[in-house]
Amino acid sequence: MAQGRQSHAWHGHFEPKRVPEGVWMRCDGCQATLFRKQVEENLNVCPECDHHFQVSVADRVAQLVDTDTFEEWHADLRPGDPLGFNDRRPYPERIRAEQERTGLNEAAVVGQGFIKGIRVVLGLTDSGFIMGSMGSVVGEKLTRAAEEATRQRLPLVIVSGSGGGARMHEGILSLMQMAKVSSALGRHHAAGGLFISVLTHPTMGGVAASFASLGDIILAEPKALIGFAGPKVIAQTVRVQLPTGFQTSEFLLEHGFIDRIVHRRDLRGTLARLIDFVTPS
Amino acid sequence: MSTAGDNRRLSFDAPIHEMEARLGEMQAEYARSRAGGDASAVAEQIRRLRRELAGLKQTIYANLEAWQQVQVARHVERPQSREYIDLVFDEFIELHGDRAVGDDGAIVTGLARLDEHKIMFVGHQKGRNLSERTACNFGMPHPEGYRKAILKMQTAEKFGLPIVTFIDTPGAYPGIAAEERGQALVIAENLLKMSMLKTPIISVVIGEGGSGGALGIGVADRLAMLEHAYYSVITPEGCATILWKSSEHWKKAAEALRMTSRDLLGFGIIDEVVPEPLGGAHRDHREAASTLKSFLLRALRELVEIPRDVVLQQRYEKYRRIGVFFEGVDAAAAEVLEAVVGSASATETTAATLAPADQQRPTRPPIAAVDVDPTPHGVDSRAGALETAPTRD
Ligand SMILES: [Zn+2]
């Protein structure tokens, strides 16, 4: 899962500290052995089969936003431990380890930047930080981002990547973040604000069941896993073989739940064009 | 027993059942003695035993562990939405269907009358016997259930009727058809739409509050839980499977998730705990319903007096406040704290000292640190644990 998560140089508030990885990597999509540098130069997409590797928030910002225009907000927000949660490891310890490993304070980064000259409020979740799960900090940051977008009448773009959904370690407080962010988005919509939601691999559970599904326009990267319940849970419940392609972007497009599937190389351009269409000129 | 599945007879209820059996025997003896003449001695024994039984229920049920609460919340004889509809409301006209896919039995909706109030009722229904349970899909709604719920709520909004929802679900159904019909999307839309409905909403967790499937009909102005209900981000079994790698550890997970009514009151998530009859709602449906009814009436009378735009603003603020985190100077202080005391201080946090994230949170990022306030937002106890007075404005 950590494959292809290395960072490009990026001028921001946080310095990614990813563990250096080997020169070669294997593609999860086509099993080909790939030259890592070549994959990175290709936006972390497999040059052989177009498999989209997961990317860090830093990489994502570099890919989407005009050079040096991203300004991070509320970078100092850090999680507490309201439950005193301890499974096999105390939650604060787990957080610290994730912070050291990823160079992030939390799973979400918000701020403003320009996409092809258009100012937007941007929110991103990093699927590598405790599975991109939403606790109080992620909920708070995204809520503030939505509120700021409403206040400044700016388009809001949130790029989701979360295999974890609502974060168990913060219990009911995590669940309530779903309502909190959704309420802020409700106000944003009511004020006529634009919200484009971009779903990346994976977007599941409480993230899929809140802000990620609330865009005026919903885009997804190819073959991303998107859904409410995890495929393992579903398989255990229904005890039948899940259909091929179940819960992929293509599955959601077929069933009418997303507007478009967009290749990573076209994402920046597509966002700019979409925003331009619905913004008075 | 490895899961909280079949719980007609709860293990921790054994002493109660034993004493009830003894009481039964004694009552039979009383009948016999009366036929034979003097029964006053037996009558006295019965009175004493009844007092003891009440005391026993009190002791056991006042000190239930989290996993035991889960078993009570799932008890097959626990009253469900339909029992409460019969016992609480004066009139009920059920309304079916989502106008798109079908009529989901896992969510009951309809118009109800409660004293002087006309309301829209929305509630999960799990079913009592096997055929009912199958028809209700064990209280696990499909997308059409959530769509049906929001449609009826929008009807209520149009005609200015307050909404009452009863939450009682293990979770939204994790199935193939549910995903094909957009389970995640319908729940998301319900959260957004409920946050904007221009009519008062009261929600009560009457049994199981299973994650997004519960929240999907649970964005409210007043949120309460019955005493032995639970409300959690994930079922204890699910949590145990993920974090402890086996559902066998569900009791530990139930404890760790802090999912009881007392926990949620401590976190400031719910407004009120509605007390249950001694020994749990399954022992006395009528009494449970009557306490629930008085809560509903009180909440309704309060809410209908408040102008609708104020209700909406307060609903927004209610959810806006929820969250526990460090910010600004706090973040720096947290770093220092962690270096000094490690994670120990954080684990000493107790629900009782938690308040909803409070007003002292700066609205903007850090100003240069002058006073270092080591209090994370919404948690006083961390500073308390270090024997420094928490700073509060
Ligand atoms: Zn490939």
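Just past helix α10 of chain B, Lys245(B) takes a positive phi of about 65 degrees. That detail comes from a predicted model, and the helix ahead of Lys245(B) is a good place to start. Helix α10(B), residues 236-243, is mostly covered, with 7 of its 8 residues buried. The buried set consists of Pro236(B), Glu237(B), Gly238(B), Cys239(B), Ala240(B), Thr241(B) and Leu243(B). Part of the cover over these residues comes from elsewhere in chain B, including α3 (66-73) and α11 (250-256).

Stepping back to whole chains, chain B carries 17 helices and 9 strands, while chain A has 9 helices and 11 strands. Of the 393 residues in chain B, 48% are buried; for the 281 residues of chain A the figure is 57%. As for reach along the sequence, chain B has 72% of its contacts with a separation of 6 or more between residues 24 or more positions apart. In chain A, 69% of the contacts between residues at least 6 apart join residues at least 24 apart. The overall form of chain A can be put in numbers too: its C-alpha trace spans about 45 × 45 × 40 Å along the principal axes. Its radius of gyration is 18 Å, which agrees with the value near 19 Å that a compact globule of 281 residues would have.

Now for how the two chains meet. Chain B puts 57 residues into the contact and chain A puts in 54. On the chain B side, helix α8 (residues 183-196) gives the most, with 9 residues. Sorted by type, the chain B residues that touch chain A come out as 38 nonpolar, 12 polar and 7 charged. There is also a bit of strand pairing across the chains: β4 of chain A (residues 78-79) and β9 of chain B (residues 325-326) run antiparallel to each other, joined over 2 bridges. Within that pairing, Pro79(A) sits opposite Phe325(B).

Another cross-chain meeting point is Thr237(A), which belongs to helix α7 of chain A (residues 231-238). Once neighbours within four places in sequence are set aside, Thr237(A) is in contact with Pro174(B) and Gly175(B). Even with these partners, Thr237(A) counts as partly exposed, because 15 other C-beta atoms lie within 10 Å and a buried residue would need 20 or more.

On to the nonpolar interior. In soluble globular proteins, nonpolar side chains tend to be buried together. Here the largest nonpolar core holds 162 residues, and those with the most contacts inside it are Leu156(A), Ile172(A), Val204(B) and Met225(B). Helix α5 of chain A (residues 171-190) gives the most to this core, with 9 residues. Beyond its sequence neighbours within four places, Leu156(A) is in contact with Val121(A), Ala145(A), Ala146(A), Ala149(A), His188(A), Gly193(A), Leu194(A) and Phe195(A). A separate core of 9 residues lies apart from the big one, with Leu43(A), Val45(A), Cys46(A) and Val55(A) among its members.

Leu156(A) also falls within strand β7 of chain A, which covers residues 156-162 and pairs in the parallel sense with β8(A) over 6 bridges. In this pairing Val159(A) stands opposite Val198(A). Strand β8(A) itself, residues 195-204, is well covered, with 10 of its 10 residues buried.

How far can all this be trusted? The predictor gives the complex an ipTM of 0.92 and a pTM of 0.88. Chain A has a mean pLDDT of 91, and 92% of its residues reach 70 or more. Its weak spot includes residues 1-20, where pLDDT stays under 50 and the model has 44 contacts beyond four places in sequence. For chain B the mean pLDDT is 85, with 82% of residues at 70 or more. Residues 1-5 of chain B stay under 50, and the model has 8 contacts for them beyond four places in sequence. The pLDDT is also below 50 over residues 341-393 of chain B, a stretch with 108 contacts in the model beyond near neighbours in sequence. Where pLDDT is low, the predicted coordinates should not be read in detail.

Methods
Residues numbered from 1 in each chain as written. Chains lettered and ligands numbered in written order. Predicted model: local features only at pLDDT ≥ 70, side-chain atom pairs only at ≥ 80, totals over all residues. Helix = DSSP H or I, 4+ residues; strand = E, 2+ residues; numbered from the N terminus. Rg over C-alpha atoms; globule rule 2.2 N^0.38 Å. Buried ≥ 20, exposed ≤ 12 C-beta atoms within 10 Å, placed from the backbone. Contact = placed C-beta atoms within 7 Å. Nonpolar A, V, L, I, M, F, W, Y, C, P; charged D, E, K, R; others polar. Pairing = 2+ DSSP bridges. pLDDT = per-residue confidence, 0-100. Core = buried A, V, L, I, M, F, W, Y, C linked by C-beta atoms within 7 Å.
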